[in-house]
Amino acid sequence: MTTVKYLHNKLTINNVKDLQPDYDDGTLVLTESQAVVDECVLRKIPVAGIETATGESLNCQQIIIDVDELEDEDLERIYRRCAGIPWNIGYTSRCFIREYCEDDLEALYELYNEPHMTDYMEPLYEYEEEKDYEKKYIEYIYKLYGFGMWLIFDRFTGKLIGRAGIEVRDTCDRENQAELGFAISHSRWHQGLAYEVCAKIVELARDEYSLSSLIARCDPANVASIGLLTKLGFSQVGYEENGDLRFFREI
């Protein structure tokens, strides 16, 4: 599975009159003007606001503090967020991790319908409710934190084989802490994939997202997950109110 670049052109425009009637896909407008932001939003043109030297605040979902400090990958991610295209999160030797998008819903249901997928976790909602939930998750969680629960794909076939990620939840009791969660398709158990993916996510949590610790929860009967968390360097530190085991690791 290759990494496709979606951003092909970036334009700095500070006057509404300079906006063209049409732009090719892959165009990102950068601006210090609220009027340009508003017009781009109205016309559904991907736009990012640039913080001005005077500190003028722009009402824009994507704000750039110092455009000269941005690398190509940063601009690619900004464009994707504006255009509703999921971020690529990372690769392991056998897997590809990326954000969820609305086109993934059918594959997600197929995954959750596989045997044993919901033995130790909640099933998906009914279709329309799940669709609405995932849409809000993209809109609020990904945009707020830059991370969340992600999809796991086989790197060579492109097939969805699981979910894993980190979330800031009520269970977190320290600053810069998130909860690790994971689930791999039953057909891919006993291949070391969960460890491979979660080890990568622990690395990302520390190096990419500057978190300092992780927690995880696990049903006491889920022997495989207990073993995985132990292998990842987590220690059991107690119990949750619902009886789940609580694990902790500094990173």
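The exercises below work through a predicted model, each with a stepwise solution.

**Exercise 1. The parallel sheet**

Give the strand order of the four-stranded open sheet, name its edges, and describe how S1 is joined to S2.

Solution.
- Step 1: order. The four strands run S1-S2-S3-S4, and the pairing is parallel.
- Step 2: edges. Strand S1 (9–12) and strand S4 (63–64) each pair on one side only, which makes them the edge strands.
- Step 3: the S1 link. S1 and strand S2 (residues 27–31) run parallel and are joined by four bridges.
- Step 4: one bridge by name. Leu11 has Val29 in S2 as its bridge partner.
- Step 5: background. Strands in a sheet pair through backbone hydrogen bonds, in either parallel or antiparallel fashion.

**Exercise 2. Helices on the sheet**

Find which strands H1 and H2 touch, and give the angle of each helix with S2.

Solution.
- Step 1: H1. Helix H1 (residues 34–43) packs on the sheet and touches S2 and strand S3 (47–50). Its direction makes about 155° with that of S2.
- Step 2: H2. Helix H2 (residues 72–83) also packs on the sheet, touching S1, S2, S3 and S4. The direction of H2 makes about 100° with that of S2.

**Exercise 3. Length and burial of H2**

Check the span of H2 against 1.5 Å a residue, then list its buried residues and what covers them.

Solution.
- Step 1: expected span. The twelve residues of H2 should span 16 Å at 1.5 Å a residue.
- Step 2: span in the model. The end C-alpha atoms of H2 are 16 Å apart, so the two values agree.
- Step 3: burial. Buried means under 20% relative accessible area. In H2 the buried residues are Leu75, Glu76, Arg77, Ile78, Tyr79, Arg80 and Arg81.
- Step 4: cover. The cover over these buried residues includes S1, S2, S3, S4, strand S5 (88–91) and H4.
- Step 5: the helix end. Gly84, just after H2, takes a positive phi of about 75°.

**Exercise 4. Helix H5**

Compare the reach of H5 with its expected value, then classify Glu203 by accessibility.

Solution.
- Step 1: reach. H5 (residues 193–207) has 15 residues and reaches 21 Å from first C-alpha to last. That is close to the 21 Å expected at 1.5 Å a residue.
- Step 2: buried set. Leu193, Glu196, Val197, Cys198, Ile201, Val202, Leu204 and Ala205 are buried in H5.
- Step 3: Glu203. This residue is found in H5. Glu203 has a relative accessible area of 34%, so it is partly exposed.
- Step 4: a distant partner. Glu203 and Ile251 are 48 residues apart in sequence, yet 8.1 Å apart in space, C-alpha to C-alpha.

**Exercise 5. Positive phi outside glycine**

Locate His190 and Ser210, and state whether each is buried or exposed.

Solution.
- Step 1: His190. Its place is in the loop between S9 and H5. Phi of His190 is near 65°, positive in a residue other than glycine. The relative accessibility of His190 is 82%, so it counts as exposed.
- Step 2: Ser210. This residue is in the loop between H5 and S10. Phi of Ser210 is near 55°, again positive in a residue other than glycine. With a relative accessible area of 52%, Ser210 is exposed.

**Exercise 6. The hairpin**

Describe the pairing and the turn of S11 and S12.

Solution.
- Step 1: pairing. Strand S11 (residues 235–239) and strand S12 (residues 245–250) run antiparallel, joined by four bridges.
- Step 2: a facing pair. Ser235 stands opposite Phe248 in S12.
- Step 3: turn. The two strands form a hairpin with five residues between them. Gly243 in the turn has a positive phi of about 100°.

**Exercise 7. The largest pocket**

State the volume of the largest pocket and find which element gives the most to its lining.

Solution.
- Step 1: volume. The largest pocket has a volume of about 1,700 Å³.
- Step 2: lining. It is lined by 49 residues; Tyr120, Met121, Gly181, Phe182 and Ala183 lie nearest its centre.
- Step 3: contributors. Elements that each supply at least two lining residues include strand S8 (160–167), strand S9 (177–184) and H6.
- Step 4: top contributor. H4 gives the most, with seven residues.

Notes. Residues are numbered from 1 along each chain as its sequence is written. This is a predicted model: local features need pLDDT of at least 70, side-chain atom pairs count only at pLDDT 80 or more; totals for chains, interfaces and linings use all residues. Side-chain values use heavy atoms; hydrogens and water are left out. Two strands pair if DSSP finds at least two bridges between them. Contact means heavy atoms within 4.5 Å. Axes are lines fitted to C-alpha atoms, for helices over the stretch in contact, and angles run from 0 to 180 degrees between N-to-C directions. The expected span of a helix is 1.5 Å times one less than its number of residues. Buried means under 20% relative accessible area, exposed over 50%, partly exposed in between (1.4 Å probe, protein chains only). On a 1 Å grid over the protein atoms alone, a cavity is a set of points where a 1.4 Å probe fits but cannot get out, and a pocket is an open set with protein on both sides within 12 Å along at least five of seven lines; lining residues have an atom within 4 Å of a point. Grid points are joined across faces, edges and corners, and a volume is the space filled by probe spheres set on the points.
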